[in-house]
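Biologist: Thanks for sitting down with me. Could we go through this model together, one question at a time?
Modeller: Gladly, here it is.

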Amino acid sequence: MMQVARHWREIPRRYRMEAGKCKKCGKIFFPGRLVCSQCGSREFETIRLSGKGTLATFTITRVAPAGFGDQVPYAVGIVELDEGIRVMGQITDCNPELLKIGDRMITKFRRINEEGKTGIIMYGYKFVPDEGV
Amino acid sequence: MRDVAIIGIGLMKWGELWEKSIRDIAVEAALNCLDDAGVDRVDAMTIGTMSSGLFTGQEHLSSVVADYLGKKFIPATRVESACASGGLAVRTAFLEVASGMSDYVLAVGVEKMTDVSGEEATYALATAADQEYEAFHGVTFPGLYAMMARAHMEKYGTTREQLAEVAVKNHRNGSLNPNAQFPFKVTREQVMASTMVADPLRLLDCSPITDGAAAVLLAPADEARKLDKTPVVITGVGHATDSISLCGRSSLTRLDVVAKAAEAALKMAGKTIKDVSFAEVHDCFTIAELIVMESLGIVPEGQAGPAVLDGMTALDGSFPINPSGGLKSKGHPVGATGVAQICEAVTQLRGEAGERQIKDAKVALTQNMGGSGGSSVVHILEVR
């Protein structure tokens, strides 16, 4: 089991999708980083991602790693956000068999996993098809 | 830099080796290598293992293997680059010989994967992905490659049949390799009806969980030419890194890290991909072999599927790929794979591959990959 700090320090990214935007060239990084790989700048502003985008690819996981066995089958995908960056996450609240590349997605706050019966419950973002679009 | 040759190769029968420990299999391959070379001299050793710690609880493996090999006190260095750890061990040994630091350097690759449950093995492998932004969400390695496969199918029209043919071809080659974990043929229908692991990839699209080791002995080329064996010279070495997270890379359907490593290796060898006779590539999943073919420039992007279906990469094709059976049939003890690829290349270049011998094998390329494309090591080998 990991120390609480391992998960706690990721809260800004996992709960609020905070990203770093390079002040010089505008490139967005999720998670944020200390140096821009595009222009070398070290100055960033913190922005919140919209969580809205298009499904770039996905899979339906049927053989899970430790800790996810009770969730199978579950969809995991890469969503190209409207800001132009790709983010990976589970896709939920849908029949995964009906998903298609190009589907519009929005982001929801969900329980991701838990470390056994007495461990930490981890939360974060998951993607949901945006039927309204 | 001095020219560096491979003077010995050591393999062993791979599989679920319940009765053997990680130190047993590493030493077995190393001894086979020294016997093949006809030399019992090791000045230094490099050892590639992805995660002996998570798979067996044993770190500090370089000293364990040196001791059990009867070579106490030699400098031994463990290197790690996920599933490219073996290729990196060979590169590190190459640098040690080329620099003049040591003369006879042994590179060992090893992984003992069946001492933990399947679930724990899946977890250990997933540590090669981004822990906080990929593995956190429950993605697996089959899942990462499945996402690449789906994107490739959508963009280029790559078909399920084309993916299955990679497994069929590699098992056909592996059926001729006595060291392979699964030395039998499979049909396209069997692949396409096997259990779904991560859509669209099925069980027979995936390389297996394997215990195994491989070793090569490197020496200055001038020394090698005095020995009996056909000296195979490492003429090109390329190594590159990229974002370890799939969504952090510029393309979901191309592996830039492979292109970069190959470009460096071919440049060093003074060759182009057209000069290469055959390749051993990292087919951890069927889709990986197709994308690697395209990223190496063997075929244009999107053309690998039809090329495999046409027989281009078969043993008697115009560009044979994975004559050993690849990771798919031979097995994939992750840290050993990159070293075993070199062993097969040497076997082919020496003309000792028997039933799976490729005609006129002059220049070999090996491509070893870490994770879903976060690192890659490419070697060019020639008889000189």
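Biologist: Let's start where the chains meet. What area is buried between chain B and chain A?
Modeller: Keep in mind that this is a predicted model. The contact draws 30 residues from chain B and 33 residues from chain A. Carbon and sulfur atoms give 60% of the area buried between the two chains, and that area is about 2800 Å².

Biologist: Which residues of chain B lose the most area to chain A?
Modeller: On the side of chain B, three residues together account for 28% of what that side buries. They are B:Tyr133, B:Phe136 and B:His137.

Biologist: Now the polar side of that interface. How far apart are the closest N and O atoms of B:Asp199 and A:Arg62?
Modeller: The rule finds 3 salt bridges across the interface of chain B and chain A, and 15 residue pairs in polar contact, both partners at pLDDT 80 or more. B:Asp199 and A:Arg62 form a salt bridge, and their closest N and O atoms are separated by 2.7 Å.

Biologist: Which element gives the largest share of the side of chain B that touches chain A?
Modeller: Helix H5 (118–126), helix H6 (141–156) and strand S5 (196–198) of chain B each supply at least two residues of that side. By class, the side has 15 nonpolar, 8 polar and 7 charged residues. The largest share, 7 residues, comes from H6(B).

Biologist: Let's move inside chain B. Is strand S8 (residues 232–241) of chain B largely enclosed or open?
Modeller: Buried here means under 20% relative accessible area. In S8(B), 8 of the 10 residues are buried, so the rest of the structure leaves this strand largely enclosed.

Biologist: And its neighbours? Which residue of strand S11 (residues 375–383) of chain B is the bridge partner of B:Gly236?
Modeller: Strand S1 (residues 4–10) of chain B runs antiparallel to S8(B) and is joined to it by 3 bridges; there, B:Ile6 has B:Val232 as its partner. S8(B) also pairs with S11(B) in the antiparallel sense, over 9 bridges. In S11(B), the partner of B:Gly236 is B:Ile380.

Biologist: I noticed an arginine before S1 of chain B. With which side chain does the side chain of B:Arg2 make a polar contact?
Modeller: B:Arg2 counts as partly exposed, at 29% relative accessibility. Beyond its sequence neighbours, B:Arg2 touches residues including B:Val97, B:Ala98 and B:Pro220. A polar atom of its side chain lies 3.1 Å from the backbone oxygen of B:Ser102. The side-chain partner, at 2.9 Å, is B:Asp103.

Biologist: How far is the C-alpha atom of B:Arg2 from that of B:Gly100?
Modeller: B:Gly100 is among the residues that B:Arg2 touches. The two are 98 residues apart along the chain, yet their C-alpha atoms are separated by 7.0 Å.

Biologist: What do the buried residues of helix H3 (residues 61–68) of chain B pack against?
Modeller: The buried residues of H3(B) include B:Leu61, B:Val64 and B:Val65. They pack against helix H1 (22–37), strand S2 (44–48), helix H2 (52–56), strand S3 (76–79) and strand S4 (105–111) of chain B.

Biologist: Finally, chain A. Which strands are the edges of its open sheet with the order S2-S1-S3?
Modeller: The 3 strands of this sheet pair antiparallel. Strand S1 (residues 18–22) of chain A is joined to S2(A) by 2 bridges, with A:Phe29 the partner of A:Gly20. The edge strands each pair on one side only, and they are strand S2 (28–29) and strand S3 (44–48) of chain A.

Definitions and conventions:
Residues numbered from 1 in each chain as written. Chains lettered and ligands numbered in written order. Predicted model: local features only at pLDDT ≥ 70, side-chain atom pairs only at ≥ 80, totals over all residues. Heavy atoms only, no water. Buried < 20%, exposed > 50% of the residue type's maximum accessible area, 1.4 Å probe, protein only. Helix = DSSP H or I, 4+ residues; strand = E, 2+ residues; numbered from the N terminus. Pairing = 2+ DSSP bridges. Contact = heavy atoms within 4.5 Å. Polar contact = N/O pair within 3.5 Å; in protein donor to acceptor, adjacent residues only side chain to side chain. Buried area = accessible area lost by both parts, 1.4 Å probe. Salt bridge = Lys/Arg side-chain N within 4 Å of Asp/Glu carboxyl O. Nonpolar A, V, L, I, M, F, W, Y, C, P; charged D, E, K, R; others polar. Lists of a residue's contacts leave out its neighbours within four places in sequence.
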